[in-house]
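User: I am new to reading protein models, and I would like to work through this one step by step. Could you take my questions in turn and explain how each answer is reached?

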Amino acid sequence: MKIYKRKRTWVMVALVIVYVLIQIINLKTAEDTAFGKDWRTKLEQENISLSKELEKSNTLIIEDKQAKKKLLLNQYYLENNIPPDTNAWSFAVGQISNIIFAVSLIAIIIGGEIVAAEFGSGTIKLLLTQSASRTKIYFAKYTAAILFGLFLTLVGILTAILFSSFIFGLDGLGDNYFFVKDQTVVGVPILQALIGSYLLNIPFLFLAITLAFMISAAFRSTTFSIVISILVTLVGFILSIAMNGWYWTKYFVFSHTDLNQFIFGTPSVEGMTLGLSVGFIILHLLILHLISYPIFVKRDVA
């Protein structure tokens, strides 16, 4: 509960809300979202542009994938006479991965200081005199960091639905969310997509917080723990996006943290499966705890 009594905690909450509001404004002002009555013409023009992009030889694998996916979706809309529409629900689904990424960077601050700050200020001695074992303190701190991260993600998603409803409306809860899986357009209920996308993106948050927690348990410097954790998470995220589709990323844990690719998409690398990715993530989380836990329980409090 100590986390929620600090003013800076609510500053972090405010940052998440501001981030979501910026995304809403960006989408509202984007020209390619205002289809209107002549949506068919605009989709056909967009398909022409996408086809030209695919003819280029200097594009990244991820860019080709996104262009092909957009082409298939546009063609599906045209063939089935479905006007593309943005509402509060579809906006939230589309923003979940961005919200969780932003929240992860903010939650790292808590994960990176939650142990290091106790040792740095000497308050760990007080905790140890309250008949609490180091193991209990370790897992209580870790649980608190994870719960804070989950709290921030819920704030972000609820903010996305609430504020975007004023601009895009709440209609469409009964509509389908369309995505491309194995070169085929598939539709699922929008609420299923919303809940599913949230759960399937959570591993990234868990990995980022656990990494920060491990470094926090190993070093006394709060600043060092936070900075290193943010840098590693940023580099990992950027590489997983930029190198999407490269075979070696099959062995890169950040490429496994988006489980959406197995349910609402196509695996980025052939041979990757949901079970493999979940097992790979759990393995890395265990390794991080196997490093941080012994350090924490044996660490000198003097």
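Analyst: Contact here means heavy atoms within 4.5 Å. Please keep in mind that this is a predicted model, and with that said, we can begin.

User: Which residues does Leu194 touch, not counting residues up to four places away in sequence?

Analyst: Leu194 is one of the residues that touch the most other members of the largest nonpolar core, which has 68 residues in total. Once residues up to four places away in sequence are set aside, the residues that Leu194 touches are Trp89, Ala92, Val93, Ile96, Ile157 and Ile161.

User: Which element gives the largest share of this core?

Analyst: Among the 68 residues of the largest nonpolar core, Ile114, Leu152, Ile157, Ile161, Leu194 and Leu205 touch the most other members. The elements that contribute two or more residues to this core are helix H1 (7–29), helix H4 (88–113), helix H7 (134–168), helix H8 (190–218) and H11. The largest share, 17 residues, comes from H8.

User: How many residues are in the second, separate core?

Analyst: This second core is separate, and its members include Trp39, Leu43, Leu78 and Val185. Those names are part of the list, and the full number of residues in this second core is eight.

User: What pattern does the protein chain follow when read along the sequence?

Analyst: The protein chain has eleven helices and two strands, and its C-alpha atoms fill a box of roughly 70 × 45 × 30 Å, taken along the principal axes. Writing α for a helix and β for a strand, the pattern read along the sequence is α-α-α-α-α-α-α-β-β-α-α-α-α.

User: Among contacts between residues at least 6 apart in sequence, what percentage join residues at least 24 apart?

Analyst: One example of two residues that are separated in sequence is the pair Phe139 and Tyr293, which are 154 residues apart along the chain and 9.2 Å apart in space, C-alpha to C-alpha. Taking the contacts in the protein chain between residues at least 6 apart in sequence, the share that join residues at least 24 apart is 76%.

User: Is Phe139 buried or partly exposed?

Analyst: Phe139 has its place in helix H7. A residue counts as buried under 20% relative accessible area and as exposed over 50%. Because the relative accessible area of Phe139 is 42%, this residue is partly exposed.

User: Which residues are linked in a network of salt bridges?

Analyst: Side chains of opposite charge can pair when their charged atoms come close. Arg6 forms a salt bridge with Glu113, with the closest N and O atoms 2.7 Å apart, and Arg8 also forms a salt bridge with Glu113, with the closest N and O atoms 2.8 Å apart. The residues linked in the network are therefore Arg6, Arg8 and Glu113.

User: How many residues apart in sequence are the parts that Arg6 and Glu113 tie together?

Analyst: Glu113 counts as buried at 5% relative accessibility, whereas Arg6 counts as partly exposed at 26%. Arg6 lies in the segment before H1 and Glu113 lies in helix H4, so their salt bridge ties together parts of the chain whose separation in sequence is 107 residues.

User: How far apart are the closest N and O atoms in the salt bridge of Lys42 with Asp38?

Analyst: Lys42 is partly exposed, with a relative accessible area of 31%, and Asp38 also counts as partly exposed, at 40% relative accessibility. A salt bridge needs a side-chain nitrogen of Lys or Arg within 4 Å of a carboxyl oxygen of Asp or Glu, and the closest N and O atoms of this pair are apart by 4.0 Å.

User: Why does Lys250 have no salt bridge, and which side chain of opposite charge is nearest?

Analyst: Lys250 is found in the loop between helix H9 (222–242) and helix H10 (260–263), and this residue is buried. A salt bridge requires the charged atoms to lie within 4 Å, and because the nearest side chain of opposite charge is 8.9 Å away, none is formed. That nearest side chain belongs to Glu270.

Methods:
Residues numbered from 1 in each chain as written. Predicted model: local features only at pLDDT ≥ 70, side-chain atom pairs only at ≥ 80, totals over all residues. Heavy atoms only, no water. Helix = DSSP H or I, 4+ residues; strand = E, 2+ residues; numbered from the N terminus. Buried < 20%, exposed > 50% of the residue type's maximum accessible area, 1.4 Å probe, protein only. Lys, Arg positive; Asp, Glu negative; His and termini not counted. Core = buried A, V, L, I, M, F, W, Y, C linked by side-chain atoms within 4.5 Å.
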